[in-house]
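User: Could you take a close look at one part of this model for me, the strand pairing and the loops around it? I would like a connected account that I can follow residue by residue.

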Amino acid sequence: MRVLVIEDDKELAEAIGVGLRRAQMAVDVALDGRSGLQRALVNDYDVVLLDRDLPGLHGDAVCAEMVARGARSRVLMLTAAATIDERVDGLGRGADDYLAKPFAFAELLARVHALARRCQPALPPVLVRGELRLDTAERRAWRAGELLLLGPKEFGILELLLAAQGRVVSAEELLARVWDEAADPFTTTVKVTMSRLRRKLGDPPLIETVPQAGYRI
C-alpha cells in the first residue's frame, strides 16, 4: 500500500510516516499544499492523509483539485476543527473520511486500511493460491504450511501478485505500489527484491517472468 502524508507540522508528519512504514506501507511526505497536490497528481497513492490547514494551498483546495483531476486516491482529512459543520464541509469537498486532531495512531491506521480497501476491488483477508497462503491483516505468508520470513518489500510484491489473480504485473506497477518516491525507477531494485522473494518461496518456482511484460503467479 502506498500513502501520501500532507501535513505542515514536520514532527507530526514524520511520526505518522514512521508509524505507517512500520505497518509495511510505502510513505511519502509533503509539508505544504502545493507540493502535496503535485505528488498526489503524479503518483498513484492508495490513500492521502490531508491536513486541512496547510500553507501555500489550503487542504480544501488540494482535495477539490484532486477530485476535479480524477485522482483515484482516497482522502482522509486531518484537522483540529471539531464542529459538525466543519466536518461536513470537509467531506463535502471530496474527502472520504475525517479525523479530528489529536487522534490515536491506532485509529488512524484502522481508517487508512479501511479506505485502502475501498479504492481496490474487494479481496478476501486471506489470499490463497495453491499451497501459498497470505494473511493481509497479520502481514504473514506461508507455503505448504511453513511460515515465510519476508521483508516488507518482498511481502508487498507477493501481496500484489496474489491480488492480481493471475494477471501480469509490470515492474513499473510494482515499483509504484510497493516503494515510495525515493526509489530510483532506473535501478534494478524490483529485480533484486524479486530474486530474494523467489529464493524464500523455494521450489518449485511460483513466480513466472513474462518477457517484456512483468511477473505473475
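Analyst: Happy to. Let's begin at one pair of residues: Leu 78 has Leu 99 of strand S5 as its bridge partner. Please keep in mind throughout that this is a predicted model.

That bridge belongs to the pairing of strand S4 (residues 74-79) with S5, which is parallel and runs over 4 bridges. Stepping back, the two strands sit in an open sheet of 5 strands, ordered S2-S1-S3-S4-S5, with parallel pairing. At its edges are strand S2 (26-30) and S5, each pairing on one side only. On average, neighbouring strands in this sheet are turned by 20° against each other, with direction ignored. As a general reminder, the strands of a sheet are paired through backbone hydrogen bonds, in either a parallel or an antiparallel way.

Now follow the chain onward from the edge strand S5. The loop between strand S5 (97-100) and helix H5 (105-118) holds Pro 102. Here is a detail worth checking in your viewer: the peptide bond from Lys 101 to Pro 102 is cis, with omega near -5°. There is another cis bond to look up, from Asp 203 to Pro 204, where omega is also near -5°. Pro 204 lies in the loop between helix H8 (189-201) and strand S10 (208-210).

Further along from H5 comes another sheet. This one is open too, with 4 strands in the order S6-S7-S8-S9 and antiparallel pairing. Strand S6 (126-129) and S9 are its edge strands; each has a single partner strand, so one side of each has no neighbour in the sheet. The average turn between neighbouring strands here is 25°, direction ignored. Helix H6 (residues 152-163) lies across S6, S7 and S8, and its direction is at about 110° to S7.

The connections inside this antiparallel sheet are where the backbone angles deserve your attention. Between strand S7 (132-135) and strand S8 (140-143) there is a loop that contains Arg 139. Although Arg 139 is not a glycine, its phi is positive, at about 60°.

At the other end of S8, the next loop leads to strand S9 (146-148), and Ala 144 is found in it. Ala 144 is likewise a residue other than glycine with a positive phi, near 55°. What is the relative accessibility of Ala 144, and does that make the residue buried or exposed? The value is 56%, and because exposed means over 50%, Ala 144 counts as exposed. The strands on either side of this loop, S8 and S9, pair in the antiparallel sense over 3 bridges. One of the residue pairs involved is Arg 143 with its bridge partner Glu 146 in S9.

To place these details in the whole chain, there are 8 helices and 11 strands. Of the 217 residues, 42% count as buried. Among contacts in the chain with a separation of 6 or more, 59% are between residues 24 or more positions apart. The accessible surface of the chain is about 11000 Å², and carbon and sulfur atoms account for 53% of that surface.

For a tour in your viewer, you could start at Leu 78 and its partner Leu 99, go on to the cis bond from Lys 101 to Pro 102, and finish at Arg 143 and its partner Glu 146.

Conventions:
Residues numbered from 1 in each chain as written. Predicted model: local features only at pLDDT ≥ 70, side-chain atom pairs only at ≥ 80, totals over all residues. Heavy atoms only, no water. Buried < 20%, exposed > 50% of the residue type's maximum accessible area, 1.4 Å probe, protein only. Pairing = 2+ DSSP bridges. Axes fitted to C-alpha atoms, helices over the stretch in contact; angles between N-to-C directions. Contact = heavy atoms within 4.5 Å. Areas by Shrake-Rupley, 256 points an atom, 1.4 Å probe, with all protein chains shown as cover.
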